[in-house]
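Reader: I'd like a close look at one part of this structure, the aromatic pairs and what surrounds them. Could you walk me through it, and then step out to the helix contacts?

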Amino acid sequence: MDGDAASPNILGESKAGYILSNVAEVVERILTFVPTKNLLRIASVCRLWRNCARRVLRTQQKLTWLSASGSSIYEEHVLLKTMAEDLEKIYLLPQTALLMVDGEKFNWSSYRHKKARKCEDEVESDPVERLRRLLPSTCDVVGVATSGIVVTPSGSPSSPPEEHEDGEAGFSLLFPAMDGVTIRPFHFCKKTLSDSALEEAGLINNPDLKVVLMFDYETWKAGSFLNKLLEPLSQNNVLIVGGQVERAFSNNTACCSPGSFGAVGLTFSGSKIQGASVLVDQDVSTPKAAEATIQRLKAANIPEKNTMGFMFACVGRGHNSYNNQRNVEANAFRKIFSNIPLLGFFGNGEIGCDRIVKENYTLSETDADGLQHSFTTVMSLVHFG
């Protein structure tokens with residue numbers, strides 16, 4: 001329907017019907033309680049409701065996440081089932097999605113780089129294609145599979161975060177369009193890495209760049225490949241955090257032939273972005289020492305509202321570093337930051353360092369080699385305004 005007001009047969013002749021078809025303030029207030037997927041359907045009722053729905057969508061700029069863990073009773077990964085159910089309930093329109101899953105359960109046996117159109121059975125059995133179908137077609141997707149996953153249960157940022165060093169787990173971090181924030185995905189391999197590609201991703205010649213999440217895979221085959229990505233960033237006022245993963249995927253399916261190497265990630269630019277990180281060194285082996293290291297993030301004075309915590313740890317840490325005690329570093333983070341969700345993974349190498357805010361919001365500097373580690377944990381905060 002394309003008129004200025006909803007017809008009587010939809011809203012009725014009552015006083016309430018008149019208000020809902022003519023009073024934008026009331027309609028807009030009601031629509032703030034409607035999940036986004038239903039909001040998009042409601043927008044087709046009439047012009048008034050469409051305009052109100054658009055205004056509501058513009059206010060929904062708070063990022064959210066969906067997480068899952070535990071064995072799924074279905075053949076598909078537990079995160080896929082959770083997303084299929086809970087995407088109906090969220091209050092934002094995802095523009096970008098960052099997904100992380102355990103590599104063991106997330107079966108990519110059917111994931112192939114083909115230009116030919118897949119049959120319906122292949123699409124249904126391919127978890128990557130299933131993820132893409134769950135999210136809006138306009139959503140940029142970056143995903144990785146790793147040895148272990150760190151999640152905060154969906155629903156409350158103050159829920160205790162969980163370190164799943166093994167077993168089935170995953171999360172989807174969903175970013176809406178946010179005023180003053182530019183998010184760009186990237187996916188590079190030896191075929192696509194170039195200065196023009198780096199510039200398009202916002203990694204070079206971008207004075208507004210503040211934070212980079214970077215995840216490399218199979219780069220041990222490539223010598224200096226990762227250094228080529230990190231070198232331009234290492235001396236700038238930019239936070240770089242991430243690590244080495246088992247596999248990766250993005251919207252750019254043409255990048256990388258099977259068995260190749262590369263890196264995926266997201267760049268965050270804009271005046272509203274803030275970030276800081278600390279390195280939990282390999283000699284940290286007690287809960288007290290871990291807490292003391294993570295406590296240094298407090299010096300950044302980053303607001304807790306609309307902020308995400310990221311933990312990228314080596315598979316050799318976890319309970320192995322703390323006399324068989326589990327969840328030590330996630331517990332330490334929650335003790336210090338009571339209302340910030342923590343997400344991340346256990347991987348095969350870590351990217352990051354101590355980068356604490358100094359005067360005029362500048363970050364401590366390092367070199368490209370000083371950003372790459374093993375048997376450590378990189379703990380970071382990223383604020384989105």
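Author: What follows starts with the rings, moves to a glycine beside them, and ends with two helix contacts.

Bear in mind that this is a predicted model. For the backdrop, the protein chain has twelve helices and 17 strands. Of its 385 residues, buried ones make up 54%. Take the contacts in the chain with a separation of 6 or more: residues 24 or more positions apart account for 80% of them.

Now the rings. Searching the whole structure turns up ten aromatic pairs. One of them joins F215 and F312 edge-to-face, at 5.6 Å centre to centre and with 65 degrees between the planes. That pair links distant parts of the chain, since F215 sits in strand 8 (residues 209–217) and F312 in strand 13 (residues 307–314), 97 residues apart. Are these two buried or exposed? F215 has a relative accessible area of 0%, so it is buried. F312 also counts as buried, because its relative accessibility is 0%.

Another edge-to-face pair is F268 with F384, where the centres are 5.4 Å apart and the planes make an angle of 75 degrees. F268 belongs to strand 11 (residues 262–269), while F384 is in the segment after strand 17 (377–383), so this pair ties together parts that are 116 residues apart in sequence. Both F268 and F384 are buried.

Back to F215, which has further company: ring pairs link F215, F310, F312 and F345 into a cluster.

Two members of that cluster, F215 and F345, turn up again around G243. Setting aside neighbours within four places in sequence, G243 is in contact with M214, F215, D216, F345, G349, E350 and I351. G243 itself is placed in strand 9 (residues 239–244). With a relative accessible area of 0%, G243 is buried. As for G349, its C-alpha atom is separated from that of G243 by 5.3 Å, although the two residues are 106 residues apart along the chain.

That leaves the helices. Start with helix 11 (residues 287–295) and helix 12 (residues 328–336): their axes come within 9 Å and cross at roughly 50 degrees. At that angle, helix 11 is oblique to helix 12. The crossing of helix 11 and helix 12 is right-handed. On the helix 11 side, P287, A290, E291, I294 and Q295 take part, and they meet V328, E329, A332, F333, K335 and I336 of helix 12. Sorted by class, this contact of helix 11 with helix 12 has seven nonpolar, one polar and three charged residues.

Then there's helix 6 (residues 78–86) with helix 8 (residues 127–134), whose axes come within 10 Å and cross at roughly 15 degrees. Why is helix 6 called roughly parallel to helix 8? Because angles under 35 degrees count as roughly parallel, and the crossing here is at roughly 15 degrees. The crossing of helix 6 and helix 8 is left-handed. Helix 6 brings L80, M83 and A84 to the contact, and helix 8 brings P127, R130, L131 and L134. By class, the contact of helix 6 with helix 8 has six nonpolar, no polar and one charged residues.

If you're turning the model on screen, F215 is a handy place to start: the F215 ring pairs with that of F312, and F215 is also among the contacts of G243.

Technical notes. Residues numbered from 1 in each chain as written. Predicted model: local features only at pLDDT ≥ 70, side-chain atom pairs only at ≥ 80, totals over all residues. Heavy atoms only, no water. Axes fitted to C-alpha atoms, helices over the stretch in contact; angles between N-to-C directions. Helix = DSSP H or I, 4+ residues; strand = E, 2+ residues; numbered from the N terminus. Left-handed = near helix turned anticlockwise from the far one by under 90°. Contact = heavy atoms within 4.5 Å. Nonpolar A, V, L, I, M, F, W, Y, C, P; charged D, E, K, R; others polar. Phe/Tyr/Trp six-rings, centres within 6.5 Å; stacked < 30°, edge-to-face > 60°. Buried < 20%, exposed > 50% of the residue type's maximum accessible area, 1.4 Å probe, protein only. Parallel < 35°, antiparallel > 145°, perpendicular 65-115°, else oblique.
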